[in-house]
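Biologist: I am new to this structure. Please take me through one part of it closely, and show me how its pieces fit together.

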Amino acid sequence: MNIRTRLTLLFVLLVASIVLLFTVSVYYLYDQFREQEFQQRLEEKAFTTVRLREDVGEVPKADLPLMTNEQVTIYNKQGVVLYNQGNQRPRFPITPAFLGKITLRQPQYIRIGDLEAIGVLHLNSRHEPLLIVASGNDRYGLSKLDRLREILFSGWLLSLFIVGIAGYLFATDALRPVAELITQVNAISANNIHERLRVGRQRDELADLARTFNDLLIRLEEAFVLQKSFVSHASHELRTPLTVMMGQIEVTRLQARSTEEYEIAFDGLLEEVKSMIRLVNGLLELARASSDAVTLNYQPVRIDELLWQAQSLIVSKKPDYQIDIDFTNLPNQEEDLVIVGEESLLQTAFQNLMENGCKYSFDGRVSVRIAFERKQLQLTFIDHGYGIPESDLPHIFEPFYRSESTMTINGHGIGLALTQRIIELHQGQIKVDSTVGKGTTFRITLPTAYDSSTHSSDKPDVNASNIVGA
């Protein structure tokens, strides 16, 4: 059952219940009114009959207004019939218990089928109690009640039909924007993922739903474009060394060569294999950094130790690189050096910035400075190298992007994209300033686990969710 049908049925059921309750109430109240009115008429008939009998003896029927099947019977206190209008046998089975309940203040009413009777107490001129029972058939009142029941029931059925149509139209109008959204969503695919949903009403829940879908489409488009670019560049980067390796192998196999020539060919192949390994490792690190932050293992780590480890790894592979780490501004409390993060990822980020600084500088040197502020620390990586053109600055954090001025230098364009992602995972920021021919400065800001304004005995909040927003 679709929502439109469900809403229509619920609407009809709700309104039908309310209307039915109203009609039953009207019918019941009118029935009570008719009964009270007829009781009053019977009571007046009873008192009028007994008074006339006391005054003139036998009461002629023509002297009183007639009712259908009317009858008036007078009893004494012992239940003996003193008078029976028309000398007819009482149509109502009056019991001594019924007569015994009649008092001056409390008349008794009884109904059997269409016949109704009321018993009242009257004191005659000699102050003798007389029990008068007047009965009759309220033919006109009951016929009006039957007619009212027919009108109410017919009106209720008609209202159901009208409410059903109105409910269907109401549900259709209410769900029309949803149908439009479904049509628009079905029309969006990988070929037109840039399309966005449109809603006529701008201030209701459906508009909020459309905006939520649009935000989702924006994220999907970014992920789709990023993945497409990633696959394209990764395929290209992997194809290049494989092509070189295949060419070297084919050339080497063309003719017999000396041992030295084979060693040279193998050394070339080994370099290409190392290049592929570096590329694959970079791709794996980028994929890991792009995964859900909740899956990463965040622990308190010291920033100075990470910098020393990154420096040692680079220098061990490239002894001609010079990395100067300035620790002159260390804080008085060692806790200010502690951040909550994923140790291996942070070390990779620092290593990338150090290696890039040395690789793209004239003297192979990079300087690292540490500054501290309340609840955060700042790392600055400074080199005096080629610099980055202003037109390239907006793109340097894109995967596989490389400036034309650096095409001659070995690299794959993954390092800075990976570094930015790692810093963002740790709720930090990375900024860059560069001047062509003078050098480049990268500034990283990371939140610390301790508040530098507190005492060293204070406990840090090392919950990863407070740092990463997991």
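Modeller: What follows is a close look at the largest nonpolar core and the strands and salt bridges that go with it. Bear in mind that this is a predicted model.

Start with the core itself. The largest nonpolar core holds 40 residues. Which residues have the most contacts inside it? They are F350, M354 and F381. Helix 7, residues 343-359, is the top contributor, giving seven residues.

Now take M354. Sequence neighbours up to four places away are left out here. M354 then touches L307, A310, Q311 and I314. It also touches I323, I325, V366, V368 and F381.

Several of those contacts lead to strands. Strand 7 covers residues 322-326, and strand 9 covers residues 361-373. The two pair in the parallel sense, over five bridges. Within this region, D326 stands opposite R369 of strand 9.

Strand 9 has another partner, strand 10, residues 376-385. This pairing is antiparallel and runs over nine bridges. Here V368 stands opposite F381. Both V368 and F381 are on the contact list of M354. Strands 9 and 10 form a hairpin with two residues between them. In that hairpin, K375 takes a positive phi near 65°.

A salt bridge also spans strands 7 and 9. The side chains of R365 and D324 meet at 2.7 Å, N to O. R365 lies in strand 9 and D324 in strand 7, so the pair ties together parts 41 residues apart in sequence. Are these two residues buried, exposed or partly exposed? R365 is partly exposed, at 29% relative accessible area. D324 is partly exposed too, at 33%.

Next, strand 8, residues 338-341. V338 and V340 point one way, while I339 and G341 point the other way. All of them are buried. In a regular strand, side chains alternate between the two faces of the sheet. Strand 8 is joined to strand 6, residues 299-302, by four bridges. These two strands run antiparallel. Q299 has G341 of strand 8 as its bridge partner.

R302 takes part in a salt bridge with D304. Their closest N and O atoms are 2.7 Å apart. R302 counts as partly exposed, at 23% relative accessibility. D304 is buried, with a relative accessible area of 10%.

To set this part in context, look elsewhere. The structure holds 11 salt bridges. Another of them joins R149 and D146, with closest N and O atoms 2.8 Å apart. R149 and D146 sit about one helical turn apart because they are three residues apart in helix 3. R149 is partly exposed at 38%, and D146 is partly exposed at 34%.

One more stop is D138, in the loop between strand 5 (129-137) and helix 3 (139-187). D138 is buried, with a relative accessible area of 5%. What does D138 contact, beyond its neighbours within four places in sequence? The answer is R34, F38, R41, D114 and E116. D138 also belongs to a network of salt bridges with D31, R34, R41 and E116. Side chains of opposite charge can pair when their charged atoms come close.

Return, finally, to the core. The largest nonpolar core has F350, M354 and F381 as its residues with the most contacts. Apart from it lies another core, of 13 residues, including F38, I118, I132 and A134.

Definitions and conventions
Residues are numbered from 1 along each chain as its sequence is written. This is a predicted model: local features need pLDDT of at least 70, side-chain atom pairs count only at pLDDT 80 or more; totals for chains, interfaces and linings use all residues. Side-chain values use heavy atoms; hydrogens and water are left out. A nonpolar core is a set of buried Ala, Val, Leu, Ile, Met, Phe, Trp, Tyr and Cys residues joined through side-chain atoms within 4.5 Å. Buried means under 20% relative accessible area, exposed over 50%, partly exposed in between (1.4 Å probe, protein chains only). Contact means heavy atoms within 4.5 Å. Two strands pair if DSSP finds at least two bridges between them. A salt bridge is a side-chain nitrogen of Lys or Arg within 4 Å of a carboxyl oxygen of Asp or Glu.
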